[in-house]
Amino acid sequence: PYARTGRRLGRTLLAFVGLVVAIVTLEPFRFAWPTTVSLTWADSPAEMAANVVLFLPLGFLAAFAAAADAAATAATGGIGTASDAEADRQARRRRTLGIGALGVLASAAIETLQAFEPARYPSPTDVLTNGTGALLGAWLHARLARRLGADSPLVGRLALELPLVGLLYVAVPLAMLAGTTLADATAARTALQSLGHTS
């Protein structure tokens, strides 16, 4: 039962955090065909660190979901991971590198979409730092895999905390969208007031 809980927990959290990252990186969702594409090459150290931190949970949860899938497959009698310690280390290493590559691809897709948003500027530096964040998250999971195994009772305890963590993750994008809506409403009100004064 813990393996099945781990599989559901891993997939659900990964999908939800992926949605949060998409909202954060693609907001304000005003797409238009670009006349020119301007790339930003120089990011501040704070922006680079934020890009790493943004994708770190995705890398961790992707590794967690992959490990949970392998554990659930093994628990149901399917083809699972080998019990040999060296084979397990090699599987974690391959999983970590694969998730780093997927992080780079996901970030490249996001940066490509940002080219269609006039308020955003795509950055190759963001692709590298996001990929680094995903790689670090997967590496962190590999380091903690024994303690956070998908078939351990700890996953069952984490599932009890899922509603509280979900509220926190829901609050962040909702607060951002509310702030965007408030800024748009304020700008519209200011424009209407200026029209009223000129007429």
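**Helical architecture and the surroundings of helix α4**

Read from one end of the sequence to the other, the protein chain follows the pattern α-α-α-α-α. The model is predicted. The chain has five helices and zero strands. Of its 199 residues, 32% count as buried. Contacts that link distant parts of the sequence are prominent in the count: among those between residues at least 6 apart, 86% join residues at least 24 apart. The protein chain exposes about 12000 Å², and carbon and sulfur atoms supply 69% of this area.

Helix α4 spans residues 124-144. The helix has 21 residues and reaches 31 Å from its first C-alpha to its last, close to the 30 Å expected at 1.5 Å a residue. The N-terminal end of α4 is capped by serine 123, with a side-chain oxygen of this residue 3.2 Å from the backbone nitrogen of threonine 125. Threonine 125 is itself among the buried residues of α4. The other buried residues of the helix are Asp126, Val127, Thr129, Asn130, Gly131, Gly133, Ala134, Gly137, Ala138, His141 and Ala142. An α-helix has 3.6 residues a turn, so residues three or four places apart point the same way.

Histidine 141 lies in α4. With a relative accessible area of 2%, histidine 141 counts as buried because this value falls under the 20% cut-off. Apart from neighbours within four places in sequence, the residue is in contact with Phe60, Ala63, Phe64 and Ala67.

Helix α4 also holds leucine 136. This residue has a relative accessibility of 37% and is therefore partly exposed, the class between 20% and 50%. Leu136 belongs to a nonpolar patch on the surface, which is completed by Trp139, Leu140 and Leu144. Together the four residues of the patch have about 340 Å² of accessible area.

Leucine 113 is found in helix α3, which covers residues 85-114. Its relative accessible area is 38%, so leucine 113 is likewise classed as partly exposed. Not counting residues up to four places away in sequence, leucine 113 touches Leu26 and Phe31. Leucine 113 and phenylalanine 29 are 84 residues apart in sequence, and their C-alpha atoms are 9.9 Å apart in space.

Notes
Residues numbered from 1 in each chain as written. Predicted model: local features only at pLDDT ≥ 70, side-chain atom pairs only at ≥ 80, totals over all residues. Heavy atoms only, no water. Helix = DSSP H or I, 4+ residues; strand = E, 2+ residues; numbered from the N terminus. Buried < 20%, exposed > 50% of the residue type's maximum accessible area, 1.4 Å probe, protein only. Contact = heavy atoms within 4.5 Å. Expected span 1.5 Å × (residues − 1). Polar contact = N/O pair within 3.5 Å; in protein donor to acceptor, adjacent residues only side chain to side chain. Areas by Shrake-Rupley, 256 points an atom, 1.4 Å probe, with all protein chains shown as cover. Patch = residues over 30% accessible without salt bridge, like charges linked within 9 Å, V, L, I, M, F, W, Y side chains within 5 Å. Salt bridge = Lys/Arg side-chain N within 4 Å of Asp/Glu carboxyl O.
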